[in-house]
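Me: I've got a structure open and I'm not sure how to read it. Could you walk me through it, feature by feature?

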Amino acid sequence: MPMFNRQNNDDLILAIQTAQVYRGRLGFRKNKSDEKNPETEEDLLEHRTDGTDAFDTLYIGCEKFPQHDIFSLSTRGVI
């Protein structure tokens, strides 16, 4: 399960909580129509849905491809 530091991610948390969703022909989708509007003091870029896309990708990857094996990487040399 992906986790994030709540103290350092206020903008991400707010963007996730305020993201609007609609039902499209392919299922539920995020409403990304506000991404085209210019930034204002009331509508900051950090609080829009494009900022949540990276977290969505991480979460979906963890759900669809869970990693059960723990492995270690060598810290010597270049990886």
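Me: Let's start with the pocket. What volume does the largest pocket have?

Reply: One thing before the number: this is a predicted model. The largest pocket has a volume of about 200 Å³. To see where to look, find the residues closest to its centre, which are Thr18, Asp34, Asp43, His47 and Arg48, out of 14 that line the pocket.

Me: By class, what sort of residues does the lining of the largest pocket have?

Reply: Sort the lining by class and you get six charged residues, five polar and three nonpolar.

Me: Now the backbone. How many helices and strands does the secondary structure come to?

Reply: There are two helices and two strands. Follow the chain along its sequence and the pattern reads α-β-β-α.

Me: How do strands E1 and E2 run, parallel or antiparallel?

Reply: With paired strands, look at direction first and then at the partners. E1 covers residues 21–24, and it runs antiparallel to E2, with four bridges joining them. Two residues make the hairpin connection from E1 to E2. For the partners, Gly24 has Gly27 in E2 as its bridge partner, while Arg23 stands opposite Phe28 in E2.

Me: And the side chains on a strand, where do they point?

Reply: In a regular strand they alternate between the two faces of the sheet. Keep that in mind as you step along a strand on screen.

Me: Next, salt bridges. How many are there by the count?

Reply: The idea is a side-chain nitrogen of Lys or Arg within 4 Å of a carboxyl oxygen of Asp or Glu. By that rule the count is five salt bridges. One of them pairs Lys30 with Asp53, with N to O at 2.7 Å. The two sit in distant parts of the chain, 23 residues apart: Lys30 is in strand E2 (residues 27–30) and Asp53 is in helix H2 (residues 53–64).

Me: Which other lysine forms a salt bridge with Asp53?

Reply: That's Lys32, and its closest N and O atoms to Asp53 are 2.7 Å apart. This pair also links distant parts of the chain, since Lys32 is in the loop between E2 and H2, 21 residues from Asp53 in helix H2. Zoom out a little and you'll find a network of salt bridges linking Lys30, Lys32, Glu35, Asp53 and Asp56.

Me: Are Lys30, Lys32 and Asp53 buried, partly exposed or exposed?

Reply: Compare each relative accessible area with the cut-offs: buried is under 20%, exposed is over 50%, and partly exposed is in between. Lys30 has 21%, so it counts as partly exposed. Lys32 comes out at 30%, so partly exposed again, and Asp53, at 28%, is partly exposed too.

Me: What about the residues around the pocket centre? Which residue does Arg48 form a salt bridge with?

Reply: Arg48 pairs with Asp43, and their closest N and O atoms are 3.0 Å apart. The two partners fall in separate classes: Arg48 is buried because its relative accessibility is 4%, whereas Asp43, with 26%, is partly exposed. Both of these residues are among those closest to the centre of the largest pocket.

Me: Asp34 was on that list as well. Where is Asp34 found?

Reply: Asp34 is in the loop between E2 and H2. Its relative accessible area is 38%, so Asp34 is partly exposed. For a sense of the fold around it, check Asp50: the two are 16 residues apart in sequence, with 9.7 Å between their C-alpha atoms.

Me: Last one: which residues does Phe55 touch, leaving out those up to four places away in sequence?

Reply: Phe55, in helix H2, touches Phe4, Leu12 and Ile16. Its relative accessibility is 18%, so Phe55 counts as buried. Phe4 is 51 residues away along the chain, yet the C-alpha atoms of Phe55 and Phe4 are separated by 9.4 Å.

Me: How much of the chain is buried overall?

Reply: Buried residues make up 10% of the 79 in the chain. As for contacts between residues at least 6 apart in sequence, 41% join residues at least 24 apart.

How values were computed:
Residues are numbered from 1 along each chain as its sequence is written. This is a predicted model: local features need pLDDT of at least 70, side-chain atom pairs count only at pLDDT 80 or more; totals for chains, interfaces and linings use all residues. Side-chain values use heavy atoms; hydrogens and water are left out. Buried means under 20% relative accessible area, exposed over 50%, partly exposed in between (1.4 Å probe, protein chains only). On a 1 Å grid over the protein atoms alone, a cavity is a set of points where a 1.4 Å probe fits but cannot get out, and a pocket is an open set with protein on both sides within 12 Å along at least five of seven lines; lining residues have an atom within 4 Å of a point. Grid points are joined across faces, edges and corners, and a volume is the space filled by probe spheres set on the points. Ala, Val, Leu, Ile, Met, Phe, Trp, Tyr, Cys and Pro count as nonpolar, Asp, Glu, Lys and Arg as charged, and the others, Gly among them, as polar. Two strands pair if DSSP finds at least two bridges between them. Contact means heavy atoms within 4.5 Å.
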